[in-house]
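Visitor: I would like to be taken through this model with care, from its overall form down to single residues.

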Amino acid sequence: TSLNQELDVCRKKIEDIEREKIDTENRRDELNKKISHTREVEIKQARKECESLAKQITSLNQELEVLRKKELASDQTSKQIQDLITVNKNAKRNLMVEKKIIEDEVKLQVEQIQSLLTEKEKLEHDAEFTNQQYYTALEELKLQELQVKELQKKVVEDQSKLKHKQNLYETVRSDR
């Protein structure tokens, strides 16, 4: 019936939501792994660059102009790292917002499902009550039909008695 169809649709929607939730969680986990890997790579690069700068500073201590150029390069690298950190923070904030939106959607859908289940229970109760009324009315109808049949039999019997009495009356009348 349509109620079963609606229930199947709801179940299908729940399964779709669950799959979507799992896909989103998997995507989130992959992004977190990528972020961690990116950070490790950047840290390694930064360490290598710092070691390189340290070696260059010790070896090129006499050349002040070269040291200034290296310092400038180091500042640019730090800026890039800071920019990457800012980008990572923004990405994390965006993921948190997306997570909150998904959680809100899931909460809303759970509430909708709960509402549908409550409505389903009410409709089932109403259907059961209506069925009881129907079967009660059906039983009453059967009883009334039996009473009508009995009354019809009685009417036929009474008509037959009446005809017999009329015939007797006519016979007595014609004899007089």
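The questions and answers below treat the fold first, then the pocket, then single residues.

Visitor: How many helices and strands are there in the protein chain?

Guide: This is a predicted model, and what follows should be read as such. Helix α1 covers residues 2–59, and helix α2 covers residues 64–175. The count for the protein chain is 2 helices and 0 strands.

Visitor: What radius of gyration does the protein chain have, set against a compact globule of 176 residues?

Guide: The C-alpha trace of the protein chain spans about 165 × 15 × 15 Å along its principal axes. Buried residues make up 5% of the 176 residues. A compact globule of 176 residues would have a radius of gyration near 16 Å, whereas the protein chain has 46 Å.

Visitor: Which helix supplies the largest share of the lining of the largest pocket?

Guide: The largest pocket has a volume of about 420 Å³, and of the 19 residues that line it, the closest to its centre are Thr24, Arg28, Leu95, Met96 and Lys99. Both α1 and α2 contribute, each with at least two residues of the lining. The largest share, 10 residues, comes from α1.

Visitor: How many residues in the lining of the largest pocket are charged?

Guide: The lining of the largest pocket divides into three classes, of which 6 residues are nonpolar and 4 are polar. The remaining class is the charged one, and its number is 9.

Visitor: Is Asn88 buried, partly exposed or exposed?

Guide: Asn88 lies in helix α2 and, leaving aside its neighbours within four places in sequence, is in contact with Ile35, Arg39 and Glu42. Its relative accessible area is 11%, and the limit for burial is under 20%. Asn88 is therefore buried.

Visitor: How far apart are the C-alpha atoms of Thr38 and Leu84?

Guide: Thr38 lies in helix α1 and, with a relative accessible area of 33%, is partly exposed. Thr38 and Leu84 are 46 residues apart along the chain. In space, their C-alpha atoms are separated by 9.6 Å.

Visitor: What is the C-alpha separation of Ala137 and Lys107?

Guide: Ala137 is found in helix α2, where its relative accessibility of 41% makes it count as partly exposed. Ala137 and Lys107 are 30 residues apart along the chain. The separation of their C-alpha atoms is 45 Å.

Visitor: How far apart in space are Asp158 and Gln82, C-alpha to C-alpha?

Guide: Asp158 lies in helix α2 and counts as partly exposed, at 40% relative accessibility. Along the sequence, Asp158 and Gln82 are 76 residues apart. In space, C-alpha to C-alpha, the distance between Asp158 and Gln82 is 111 Å.

Visitor: Are the rings of Tyr134 and Tyr135 stacked, tilted or edge-to-face?

Guide: The structure holds 1 aromatic pair. The rings of Tyr134 and Tyr135 have their centres 5.1 Å apart and their planes at 70°, and planes over 60 degrees apart count as edge-to-face. The pair formed by Tyr134 and Tyr135 is therefore edge-to-face.

Visitor: Which residue of that pair is exposed, with a relative accessible area of 51%?

Guide: Tyr134, at 47% relative accessibility, counts as partly exposed, because the exposed class begins over 50%. The residue that is exposed, with a relative accessible area of 51%, is Tyr135.

Definitions and conventions. Residues numbered from 1 in each chain as written. Predicted model: local features only at pLDDT ≥ 70, side-chain atom pairs only at ≥ 80, totals over all residues. Heavy atoms only, no water. Helix = DSSP H or I, 4+ residues; strand = E, 2+ residues; numbered from the N terminus. Buried < 20%, exposed > 50% of the residue type's maximum accessible area, 1.4 Å probe, protein only. Contact = heavy atoms within 4.5 Å. Phe/Tyr/Trp six-rings, centres within 6.5 Å; stacked < 30°, edge-to-face > 60°. 1 Å grid on protein atoms, 1.4 Å probe; cavity = no way out; pocket = protein on both sides within 12 Å on 5 of 7 lines; lining within 4 Å. Points joined across faces, edges and corners; volume = space filled by probe spheres on them. Nonpolar A, V, L, I, M, F, W, Y, C, P; charged D, E, K, R; others polar. Rg over C-alpha atoms; globule rule 2.2 N^0.38 Å.
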